[in-house]
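The following note on salt bridges and burial is offered to a colleague beginning the subject. Please read it with the structure in view.

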Amino acid sequence: MAALAPLPPLPAQFKSIQHHLRTAQEHDKRDPVVAYYCRLYAMQTGMKIDSKTPECRKFLSKLMDQLEALKKQLGDNEAVTQEIVGCAHLENYALKMFLYADNEDRAGRFHKNMIKSFYTASLLIDVITVFGELTDENVKHRKYARWKATYIHNCLKNGETPQAGPVGIEEDNDVEENEDVGATSLPTQPPQPSSSSTYDPSNLAAGSYSGIQIPPGAHAPANTPAEVPHSTGVTSNAVQPSPQTVPAIPAIDPDLYTASQGDVRLTPEDFARAQKYCKYAGSALQYEDVSTAVQNLQKALRLLTTGRE
């Protein structure tokens, strides 16, 4: 992909989108679609913050030039030309990154890559808002990922051992900017379950995430960031993640082979949902995630043949 023209210095007013822009730069070669939508989110957010101040107008103008250049380069990519495909692409990417970090956390392997993956997943869930409001699952994953990134970073920075796995999160945590991790500044110690609700991401990860069926233990995409920004200052001698086995491919429901549409009357909404499952399956295949692809295709086939999900 051709290099993009550099942006001018980031105005102070746009501090809240600096990490989304950094994520865009990190993905220019890894995943241009992710890079495109990160910039689109930054553009939309920046317009809402300040589009009148001269320095802000100049910055947004250059950012718009980058977006137009990217859109031209990705003109034949369905993830850019079709919102439903783009949304599925981002959701799959963000969730795989989240699951990678969550699996490392549960195994007690605390390291820079895991911290960065947690926080990047939360940023990408921000970006999903370019397609509309977030689902409750998206909101919970974002809050948990951002909290975990900060908590683990602070523990390692202070020479403490983080608590692995799900912990109680206070529902009314105030979020503030923390330059050390490019994340949110929340308590360095997890709230005690007695005064909070315990959030277990596996309850969501093993079920549906905006309609995507994800098998427990799914591994991260090959282009998961290999390092955190230089400003993190995290040092750790933790063992690096070991290779994970590919999840078993789910068995095909034999009833789907013999199901007959018969008197089934499908509504336009049914066809739209079936199309969405097929798009999710196609997006999963980009990461060679056969299990997720098969499960979504099964859901589409069941809907089309029985009228039920």
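1. D105 is a suitable place to begin: this residue is buried, with a relative accessible area of 0%. Here buried means under 20% relative accessible area, exposed means over 50%, and partly exposed lies in between (1.4 Å probe, protein chains only).

2. The model is predicted, so local features need pLDDT of at least 70 and side-chain atom pairs count only at pLDDT 80 or more, while totals for chains, interfaces and linings use all residues. Residues are numbered from 1 along each chain as its sequence is written, and side-chain values use heavy atoms, with hydrogens and water left out.

3. Which residue forms a salt bridge with D105? The partner is K148, and the closest N and O atoms of the pair are 2.9 Å apart. A salt bridge is a side-chain nitrogen of Lys or Arg within 4 Å of a carboxyl oxygen of Asp or Glu. Because K148 belongs to helix α7 (residues 136-157) and D105 to helix α5, the pair ties together parts that are 43 residues apart in sequence. K148 is also buried, at a relative accessible area of 0%.

4. Helix α5 (residues 83-106) contains both R106 and D102, which are 4 residues apart, about one turn of the helix. These residues form a salt bridge whose closest N and O atoms are 2.8 Å apart. Is each partner buried or partly exposed? R106 counts as partly exposed because its relative accessibility is 33%, whereas D102, at 2%, counts as buried.

5. D28 and R39 form a further salt bridge, with 2.8 Å between the closest N and O atoms. D28 lies in the loop between α1 (18-26) and α2 (32-49), and R39 lies in helix α2, so this pair ties together parts that are 11 residues apart in sequence. Both D28 and R39 are buried.

6. Salt bridges also link D126, R142 and R146 in a network. By the rule stated above, the count comes to 7 salt bridges.

7. For the chain as a whole, the secondary structure comes to 11 helices and 6 strands. Helices (H or I, at least four residues) and strands (E, at least two) are DSSP runs, numbered from the N terminus. Of the 309 residues in the chain, 50% are buried.

8. Among contacts (heavy atoms within 4.5 Å) in the chain with a separation of 6 or more, 76% involve residues 24 or more positions apart.
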